[in-house]
Amino acid sequence: MIRQLAALLALQLAGEVTARALHLPVPGPVVGMVFLLVALLILPGMAAWLNSLSGLLLANLSLLFVPAGVGVVGHFDRLGTDGAPILLAILVSTVLAITVGAITFVAVAKWTGVDD
Amino acid sequence: MTEFSEIWSYLAQGPLLWLTITLIAYAIGDAAFQASGRKPFVNSVLVAVVLLAGLLWLTDTPYATYFEGAQFVHFMLGPATVALAVPLWANRGLIRRTAVPLLASLLAGSLTAMLSAVGIAAAFGVRGEALASLLPKSTTAPVALGVAEQIGGSPTLTAVLVILTGIVGAVIATPLLNLLRITDWRARGFAVGVAAHGIGTARAFQVNETAGAFSGVGMGLNAVLTALLAPWVAYLFL
């Protein structure tokens, strides 16, 4: 587990350094994710080796949200005035995004003949 | 009583207390979710956040003190983001076969999520930091927080908006997609993953295995796309 964690942190570190050095518009951990994807394509055996840790992290992904979520305490004042429009924006935008995404997938799958 | 307040002030200074309470609050949230029959609106994160916020308020504890302990949990978002490459890699065959519809749906869904959210909020007078925090709401937490920070949003506000988006997506997905008469599980899952990240993906897995796998792919791809597009969308529209 320690070696796997060291590997993930090393990839995150490499991503962080790359993102800053090249002034990329992407956060360092995302660059690290791309690095890991490339590493897995070259060394497929890494997937089984990493699986115990990556599975554990992703199964508990929502826990990692909690500390930042508690930070809403400091934002109650601002949400007071912007709260209703922001909630409306989230609701309508999520309906639109799911609708547009699903319809686009079905239409393009039919058009390109990927349909089962 | 003096002894208790002495112990309290000793514990309140170190990270042990709030780290422990964070994990307990999440365990309670998870138990509530299981007890509800895995209802999407009894979200374990939401329950934990409400419990912890209430406790901070009752004990008059500043967020900075709380974060001393909780930062160890927060820190794991970085390696967790890197780990998202593993399911993406595992589904590479599935992705390759449906690459064209996937990419079209990804681009359409991701842009719709960003533009409609900031468009609606801006029309109702939301400006500045709150608007920038809303922009990456459809992408997975670690990426959304990083993006928000980069475009002048507030990571803490973004975390809340991301959670709300996930819950909204998980609750509305099934009735909405039934109403639209979309029966393709790949399309249903993928659209939910793009629009409502991990919480939507967890919901998709409850409904159908294929939908779940495609939702995971949608979440992973939108993490990359949002990180790439959000600074441009912010530059053009904010």
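Trainee: What share of the 238 residues in chain B is buried?

Mentor: In this predicted model, buried residues make up 55% of the 238 residues in chain B, where buried means under 20% relative accessible area, exposed means over 50% and partly exposed lies in between, with a 1.4 Å probe and protein chains only. Local features need pLDDT of at least 70 and side-chain atom pairs count only at pLDDT 80 or more, while totals for chains, interfaces and linings use all residues.

Trainee: And what is chain B built from, helices or strands?

Mentor: Chain B comes to 13 helices and zero strands, taken as DSSP runs numbered from the N terminus, with at least four residues of H or I for a helix and at least two of E for a strand.

Trainee: How does the radius of gyration of chain B sit against that of a compact globule?

Mentor: The value for chain B is 19 Å, which agrees with the radius near 18 Å that a compact globule of 238 residues would have; the radius is taken over C-alpha atoms, and the globule rule is 2.2 Å times the number of residues to the power 0.38. Along the principal axes, the C-alpha atoms of chain B fill a box of roughly 70 × 40 × 30 Å.

Trainee: Switching to the interface, how many residues does each chain bring to the contact?

Mentor: Chain A brings 69 residues and chain B brings 92 residues, contact meaning heavy atoms within 4.5 Å. Together the two chains bury about 6800 Å², 84% of it on carbon and sulfur atoms, buried area being the accessible area (1.4 Å probe) that two parts lose on being put together, summed over both.

Trainee: Which three residues supply the most on the chain A side?

Mentor: A:Met33, A:Phe65 and A:Phe105 supply 12% of the area that chain A buries against chain B, more than any other three residues.

Trainee: How many salt bridges are there between the chains?

Mentor: Between chain A and chain B the count is zero, a salt bridge being a side-chain nitrogen of Lys or Arg within 4 Å of a carboxyl oxygen of Asp or Glu.

Trainee: Then how many are there over all chains, and where?

Mentor: The count over all chains is one salt bridge, and this joins B:Arg186 to B:Asp184, with the closest N and O atoms 2.9 Å apart.

Trainee: Is B:Arg186 buried or exposed, and what about B:Asp184?

Mentor: B:Arg186 is buried, with a relative accessible area of 9%, and B:Asp184 also counts as buried, at 17% relative accessibility.

Note on methods: Residues are numbered from 1 along each chain as its sequence is written. Chains are lettered from A and ligands numbered from 1 in the order in which they are written. Side-chain values use heavy atoms; hydrogens and water are left out.
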